[in-house]
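Let's take a walk through this model together, beginning with how its strands pair up. After that come the charged side chains and a backbone angle worth a look.

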Amino acid sequence: RLSVGAAATLGGHLSASISGGFTPANNDEFEILTASTISGEFDTLDLPDGFEVDYFADRVVLRFTSAGTPCLGDTNDDGVVNAADLGNLLSCWGAVTPESVCESSDLNNDGTVNAQDLGALLGSWGVCP
């Protein structure tokens, strides 16, 4: 973990690996960088399967999500398709993507949150790990 006492501007290459046979659980988070403020993102990522980077105003977190197998319909990435995901989709109904808050609700990536996305979400209801 790196702690910067001032502002940090990100760029370049981030590489991470798992050692010692460790197996993270779904949605385990690993804070890798803190700073007073953070701007930018890493240009390239070399991460183990199932990891993604979450950028915040004052920290960067690696998060493990279902061994890299996203669950269609899990609009909030919590590992389950439920009422919270349905609420996200309905709040974005008719939205044209990419609009960052609605992009995850456009499940078929056709550019609009609509009935096809609702069908995909309902088809995954309770099926994901």
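## Strand pairing

This is a predicted model, and a good place to start is strand β1, residues 2-3, which runs parallel to β4 and is joined to it by 2 bridges. The partners can be named one by one: L2 is bridged to L33 of β4, and S3 has T34 of β4 as its bridge partner. On to the next pairing, where β4 and β8 run antiparallel and share 5 bridges. Within that pairing, E31 stands opposite V61 of β8.

Put together, these pairings belong to an open sheet of 4 strands with the order β1-β4-β8-β7 and mixed pairing. The edges are taken by β1 and β7 (51-55), each of which has a single partner strand, so one side of each lacks a neighbour in the sheet. As a general reminder, strands of a sheet pair through backbone hydrogen bonds, in either a parallel or an antiparallel way.

## The chain as a whole

Stepping back, the chain contains 2 helices and 8 strands. Which pattern do these elements follow along the sequence? They read β-β-β-β-β-β-β-β-α-α, with the strands ahead of the helices.

For a sense of scale, the C-alpha atoms fill a box of roughly 45 × 35 × 20 Å along the principal axes. The chain has 129 residues, and 34% of them count as buried. About 7,300 Å² of the chain is exposed, with carbon and sulfur atoms supplying 53% of that area. Among the contacts with a separation of 6 or more, 55% are between residues 24 or more positions apart.

## Salt bridges

How many salt bridges does the structure hold? There are 5. One of them joins E31 to R59, with their closest N and O atoms 3.9 Å apart. This pair ties together distant parts of the chain, as E31 belongs to strand β4 (residues 29-34) and R59 to strand β8 (residues 59-64), 28 residues apart. Both ends are partly exposed: E31 has a relative accessible area of 34%, and R59 has one of 28%.

R59 also forms a salt bridge with D58, where the closest N and O atoms are 3.0 Å apart. D58 is partly exposed as well, with a relative accessible area of 35%. These residues are part of a network of salt bridges that links R1, E31, D58 and R59.

Another salt bridge pairs D54 with R63, and here the closest N and O atoms are 2.8 Å apart. Are these two partners buried or exposed? D54 counts as buried at 16% relative accessibility, and R63 is buried too, with a relative accessible area of 9%.

## A buried aspartate without a salt bridge

D85 makes an interesting case for anyone thinking about charges. D85 sits in helix α1, residues 83-91. The residue is buried yet has no salt bridge, and the nearest side chain of opposite charge, R63, is 11 Å away. A salt bridge would need a side-chain nitrogen of Lys or Arg within 4 Å of a carboxyl oxygen.

What does the side chain of D85 reach instead? The side chain of D85 reaches the backbone nitrogen of N76 at 3.2 Å. Leaving aside residues up to four places away in sequence, D85 touches G73, D74, T75, N76, D78, V80 and L121.

## A positive phi in a loop

The last stop is a backbone angle. N109 is not a glycine, but it has a positive phi of about 55°. Where is N109 found? N109 lies in the loop between α1 and α2 (115-124). N109 is exposed, with a relative accessible area of 65%.

Key:
Residues are numbered from 1 along each chain as its sequence is written. This is a predicted model: local features need pLDDT of at least 70, side-chain atom pairs count only at pLDDT 80 or more; totals for chains, interfaces and linings use all residues. Side-chain values use heavy atoms; hydrogens and water are left out. Buried means under 20% relative accessible area, exposed over 50%, partly exposed in between (1.4 Å probe, protein chains only). Contact means heavy atoms within 4.5 Å. Accessible areas come from the Shrake-Rupley method with a 1.4 Å probe; for residues, only the protein chains shown count as cover. Lys and Arg count as positive and Asp and Glu as negative; His and the chain ends are not counted. A polar contact is a pair of N or O atoms within 3.5 Å; within protein, one must be able to donate a hydrogen and the other to accept it, and residues adjacent in sequence count only if both atoms are side-chain atoms. Two strands pair if DSSP finds at least two bridges between them.
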